[in-house]
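Reader: I would like a careful look at the interior of this protein, going slowly enough that I can follow each residue on the screen. Please take the packing as your starting point and then work outward.

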Amino acid sequence: MFIILALIPAVAATLIDIAFFIKKRTGAEITRVIFRNMTVIPLVSLGVQKYLMRYAHFLDTTYYTTASFIKFFVVAVIVALVLEMFFAVVNRALTFEESEPPKKKRGSLAFKIGAVVLFVLGCAAYFGTVWGKEAFGNVTGDQLIINLTSPTEGTEASVYIDGFEGPVFNTALATAIFSLILFARVNILYAGKEKTRAILKELPKRIICFVLAAACLVSGVVYGVKEFRLQQVYNAYVAKSDIIDKNFVDPETTSVAFPEKKRNLIHIYLESIEVSFLSKELGGNCDKNLMPKLTKLADKGIVFSDTDKKFGGPRKGTGTQWSIASMVNQTSGLPMKAPGMHNAYGAEGNFLPGAYTLGEMLEKEGYEQTVMFGASAKFGGLGYYYETHGNWKIMDYDYVREHHMLPKDNYKVWWGYEDDKLYEFAKEEITRLYNTGKPFNFTMENADTHRPGGYVTPGKKTPFKSHYANAIWNSDRDVYKFVKWIMAQPFYENTTIILIGDHISMETQFFKDYHFTPDYNRQQFNLVLNPDPSVANVGENITRNRKWANWDMFPTIVASLGAKIDGEKLGIGTNLFSGAKTIYEENEVPKVNKELEKKSVLYNEKILGGKGMEAGQSRTNYGTGKQRIQTS
């Protein structure tokens, strides 16, 4: 297919040569041009494909999409144009001469500057979108808005490096070439059979460049809107939906009865860990299982799957597929939606002020709580969420550095410090929590499997060619050792462990190398270990073929601690142990996601705004059943 696509511009170039550039149309000359174009253009195009575009094959096209073929065809056309220009100049069919300065210099300069501005904006939109898709995968409109309005402090340096080497450099390079052509005072002359005449003078060149710049801007913006699904931004601020308003069950006012002897909770967010890293026979998409240890642990616990196989996970819901959103989902029962006009996530006391979360619920029940990250909690305003919702001790990179727990005060590895140290600090902190004599809630997120590329501690085994595969494989072993340590502690009998991928991975190159097809259903890994005996023996009719999302983990985690939830719902989440239908099971998944993109009065006013309803206002418009938002 690639060879056929390369031959199309080769044929077109040959016809152009015969019509305009061959002075003596002899059989030998025509044969020479045909042979030259039909071999050089396809070979150079395939060379660009292999060595610059990094396509693995040009004969085996099994894994390529329509977009891959379109990109290659565009490259082949460009190659043909460049070679045509080269051969025409060599044969003196095209020559160049300096053009006269424009009569109206100011108008000409303004026109050119306008064209450059349009071109820069178009390139920035295009290259920014390409980089964003490569770096973060399928970023949605709500995620884009939240990320742009949230603090970036604590971001790993390589993200900035990638950004500069990607869209910034590419835009600068393309603009330099465009400007060189636009500002060069050159006429292109065509040497015909009878006389030489100018085919591209200064004024037509300026007009063509301006049109190309405008087209670049329009196409770049359209491409960005399509790929980032920016129509969701319109939905978030203009279109309305009552799906949250009708299905929301207020966790603060819902009856949740905890047992007299309260269970401890250890909640581990596994950065970017998904089911696809398992072998194909287990439901994954790898020839070799990259997570054999977690697979082994799963034999001792409960996995909620969306298929008839043991391993599956939550569906990709609106406002769920990045780390901070996932934490919000799993502890509040809500999607993370774009901020309101007067609300931001990255401000103290302003991170979902109206939400009632797991942290606040367990605080009320007397739990001692710690959350631990190897990165800075300032990133995305995450620290504000935990500070606002519960009596949390926040042990992030800044905390351990300030308490001189690292080898040196300016120690910085990966996003802060590596997971090897994280697990050692976690063991010390969990032991401290246990020794308080109170029930405890310890939450942590590892980071060695984060993009870009993952991190492997020097000296660890690297059995795979892929660096990211090695990061996954080593992380699997590290998590297993940590969990085995927990299981050996005196408190484990009364402790529930939640292991769950925070979101599907954003490391795009890995999925290209492993030939993931676009229709493969990628899901977060999940595992509940040692839940309360009241829910420990559910059957496959409860755990398999379930349509659920991250927000269903909130009531599910509460139930795993032995608590009884009146109605089995919190937020818009459903206790999966109960077998009650989730919002996805009551409605079609795409329909729910589409509705959740839209503006919700309840979410904007109560959750984002932190406002109670005015006295005397009816509550019947919010929630279902007997769980209502109480009058303030």
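Which residues touch the most other members in the largest nonpolar core?

Author: This is a predicted model, and everything that follows should be read with that in mind. The largest nonpolar core has 62 residues, and those that touch the most other members are Phe258, Leu352, Tyr386 and Val558. Helix H19, residues 553-560, supplies the largest share of this core, with five residues. Val558 shows how such a residue is surrounded: once its neighbours within four places in sequence are set aside, its contacts are Val256, Phe258, Leu358, Met361, Ala563, Ile565 and Leu570. A second core, separate from that one, has 61 residues, and among them are Met395, Trp415, Tyr423 and Phe464. As a general point, nonpolar side chains in soluble globular proteins tend to be buried together.

Two members of the second core, Tyr423 and Phe464, lead on to the aromatic rings. The structure has 31 aromatic pairs. In one of these, the ring centres of Tyr423 and Phe482 are 5.1 Å apart and the planes meet at 35°, so the pair counts as tilted. The two partners are 59 residues apart and connect distant parts of the chain, since Tyr423 belongs to helix H15 (residues 419-435) and Phe482 to helix H16 (residues 467-487). Tyr423 is buried because its relative accessibility is 5%, and Phe482 is likewise buried, at 1%. Phe464 has a ring partner too, namely Trp473, in an edge-to-face arrangement with 6.4 Å from centre to centre and 75° between the planes. Phe464 has a relative accessible area of 15% and is therefore buried, while Trp473, with 13%, is buried as well. Elsewhere, Phe277, Tyr468, Phe510, Phe511, Tyr514, Phe516 and Tyr520 come together in one aromatic cluster. Rings also lie beneath lysines: Lys293 is over the face of Tyr480, 5.1 Å from the ring centre, and Lys412 is over the face of Tyr397, 5.9 Å from the ring centre.

The packing leaves some enclosed space, and a search of the whole structure finds two cavities of 30 Å³ or more. The second largest of them holds about 30 Å³, and its lining is made up of Leu270, Ile273, Met291, Leu294, Asn446, Ile472, Ser475, Asp476 and Val479. Helix H16 contributes four residues to that lining, the most of any element.

Next comes a residue with a charged name in a buried setting. Glu445 lies in strand E9, residues 440-445, and its relative accessible area is 9%, so it is buried. Beyond residues up to four places away in sequence, Glu445 touches Tyr269, Glu271, Ser323, Met327, Met372, Phe373, Gly374, Leu422 and Asp502. Of these contacts, Met327 is 118 residues from Glu445 along the chain, yet their C-alpha atoms are separated by 9.8 Å.

Met327 and Ser323 are both among the buried residues of helix H11, together with Ile324, Ala325, Ser326, Val328, Asn329, Gln330, Thr331 and Ser332. Ten of the ten residues of H11 (residues 323-332) are buried, so this helix is largely enclosed by the rest of the structure. Just after H11, Gly333 has a positive phi of about 75°.

The loop between E9 and H16 also repays attention. Thr457 is found there, and with a relative accessible area of 14% it is buried. Apart from neighbours within four places in sequence, Thr457 is in contact with Glu418 and Asp420. Pro452 is in the loop between E9 and H16 too, and the peptide bond leading from Arg451 to Pro452 is cis, with omega near 0°.

For the backbone more widely, most residues other than glycine have a negative phi, and most peptide bonds are trans. Against that background, His404 has a positive phi, near 55°, and is placed in the loop between helix H14 (397-402) and H15. His404 has a relative accessible area of 58% and is therefore exposed. His515 also has a positive phi near 55°, and its loop runs between helix H17 (508-513) and strand E11 (526-529). At 32% relative accessibility, His515 counts as partly exposed.

Technical notes
Residues numbered from 1 in each chain as written. Predicted model: local features only at pLDDT ≥ 70, side-chain atom pairs only at ≥ 80, totals over all residues. Heavy atoms only, no water. Core = buried A, V, L, I, M, F, W, Y, C linked by side-chain atoms within 4.5 Å. Buried < 20%, exposed > 50% of the residue type's maximum accessible area, 1.4 Å probe, protein only. Helix = DSSP H or I, 4+ residues; strand = E, 2+ residues; numbered from the N terminus. Contact = heavy atoms within 4.5 Å. Phe/Tyr/Trp six-rings, centres within 6.5 Å; stacked < 30°, edge-to-face > 60°. Lys NZ or Arg CZ within 6 Å of the ring centre and 35° of its normal. 1 Å grid on protein atoms, 1.4 Å probe; cavity = no way out; pocket = protein on both sides within 12 Å on 5 of 7 lines; lining within 4 Å. Points joined across faces, edges and corners; volume = space filled by probe spheres on them.
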